[in-house]
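Here is a friendly walk through one protein chain, written to be read with the model open beside you. Please have a look at the sequence and the fold before reading on.

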Amino acid sequence: MSTTERLPLTVDHLPEEKRHIYEAEPILSARDLVITFGRVVGLDGVSLDLYRGEVLAVIGDNGAGKSTLIKCLTGAYVPDSGTLRVDGADVEFKRPQDARDAGIETVYQQLAVVPALDIASNLYLAREERRPGPLGSVLRMLDKKGMKERAGASVQKLGIQTIQNMGQAVETLSGGQRQAVAVARAAAFGSKVVVLDEPTAALGVKESGMVLNMIKQLRDNGLAVILISHNMPHVWEAADRIHIQRLGGCAGVITPQSHDMGEGVAIMTGATKLTS
């Protein structure tokens, strides 16, 4: 398959107001990704297209290749073969920083936040900004005030109402608020794609709802979102399309409108095959 050829895509089951998204070129494309670990096949020729302004969920049973696929898309793994394109240009990620430089940010299930630091410091962790002029260039002073203001703007842009004080220590936040900080950081620096790995796994009903609203806000802000989740109700609520992984390959791509949760799980477990 040519790297410029699109995957077959049926928009009949998508809401009419969403169909224009798929007329543009995919923001992220993977073609025929293969990776093995000794005799174990992690990915067996998986292809994927992701578009601006959509939430693409990736589901699958344990060992189906979800995490391996995401790690190949975000630079944590280098596939044995296959191609990646970002915004129409061929890319080759050797490390996660390469993916970040291309505008792809990832929020892993084990949140990479420093509890003792405040919210603003966590948002700008490893990306600290210096004060303008000689104070920054010569004395190397950090622009703490500016980072707090910009951190607050990032949080407000996601519609997060439960976080107001950017100087508050992360260790004083609830699980959902910590997840919000991690998502806000990804949104602030992920100019094209945000990848969320099980963002609601350890959260209660109310906080899960807050995170799902943030995911929808990311999409509405024009970002492309990949959502990895075992929670089928959350997937069917938030996703525009659903990529199903099975035994290292792609068992198909469906939508919440074309298939219900029971049918999606049946495809995921191999009880039934996807029919066109």
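The sections below cover aromatic rings, nonpolar cores, cysteines and one helix.

## Aromatic rings and a charge

Keep in mind that this is a predicted model. A search of the whole structure turns up three aromatic pairs. One of them joins Tyr22 and Tyr51 in an edge-to-face arrangement, with 4.9 Å from centre to centre and 70 degrees between the planes. This pair ties together distant parts of the chain, 29 residues apart: Tyr22 belongs to the segment before β1 (28-37), while Tyr51 lies in the loop between β2 (40-50) and β3 (55-59). Both Tyr22 and Tyr51 are buried.

Another ring worth a look is that of Phe189. The charged end of Arg127 sits over this ring, 4.3 Å from its centre.

## Two nonpolar cores

The largest nonpolar core has 46 residues. Ile59, Ile119, Ile163, Leu196, Ile215, Leu218 and Ile242 are the members that touch the most others in this core. If you centre your view on Ile59, you will find it in contact with Lys66, Ser229, Met232, Val235, Trp236, Ile242, His243, Ile244, Gln245 and Met268, leaving aside residues up to four places away in sequence.

Apart from the largest core lies another, made up of 26 residues, including Val58, Cys72, Leu84 and Val86. In soluble globular proteins, nonpolar side chains tend to be buried together.

## Cysteines without a partner

How many disulfides does the model contain? The count comes to zero. For Cys72, which is in no disulfide, the nearest cysteine sulfur is that of Cys250, 14 Å away. Seen from the other end, the closest cysteine sulfur to that of Cys250 is in Cys72, and no bond forms because 14 Å is too far; the cut-off for a disulfide is 2.5 Å.

Are these two residues buried or exposed? Cys72 has a relative accessibility of 1%, so it counts as buried. Cys250 has a relative accessible area of 35% and is therefore partly exposed.

## Helix α6 and its neighbours

Helix α6 covers residues 175-189, 15 residues in total. From its first C-alpha to its last, α6 reaches 22 Å, close to the 21 Å expected at 1.5 Å a residue.

Which residues of α6 are buried? They are Gly176, Gln177, Gln179, Ala180, Val181, Ala182, Val183, Ala184, Arg185 and Ala186. The buried residues of α6 pack against two strands, β6 (104-107) and β7 (193-197), and against the helices α3 (119-123), α5 (144-157) and α7 (205-220).

Note on methods. Residues numbered from 1 in each chain as written. Predicted model: local features only at pLDDT ≥ 70, side-chain atom pairs only at ≥ 80, totals over all residues. Heavy atoms only, no water. Phe/Tyr/Trp six-rings, centres within 6.5 Å; stacked < 30°, edge-to-face > 60°. Helix = DSSP H or I, 4+ residues; strand = E, 2+ residues; numbered from the N terminus. Buried < 20%, exposed > 50% of the residue type's maximum accessible area, 1.4 Å probe, protein only. Lys NZ or Arg CZ within 6 Å of the ring centre and 35° of its normal. Core = buried A, V, L, I, M, F, W, Y, C linked by side-chain atoms within 4.5 Å. Contact = heavy atoms within 4.5 Å. Expected span 1.5 Å × (residues − 1).
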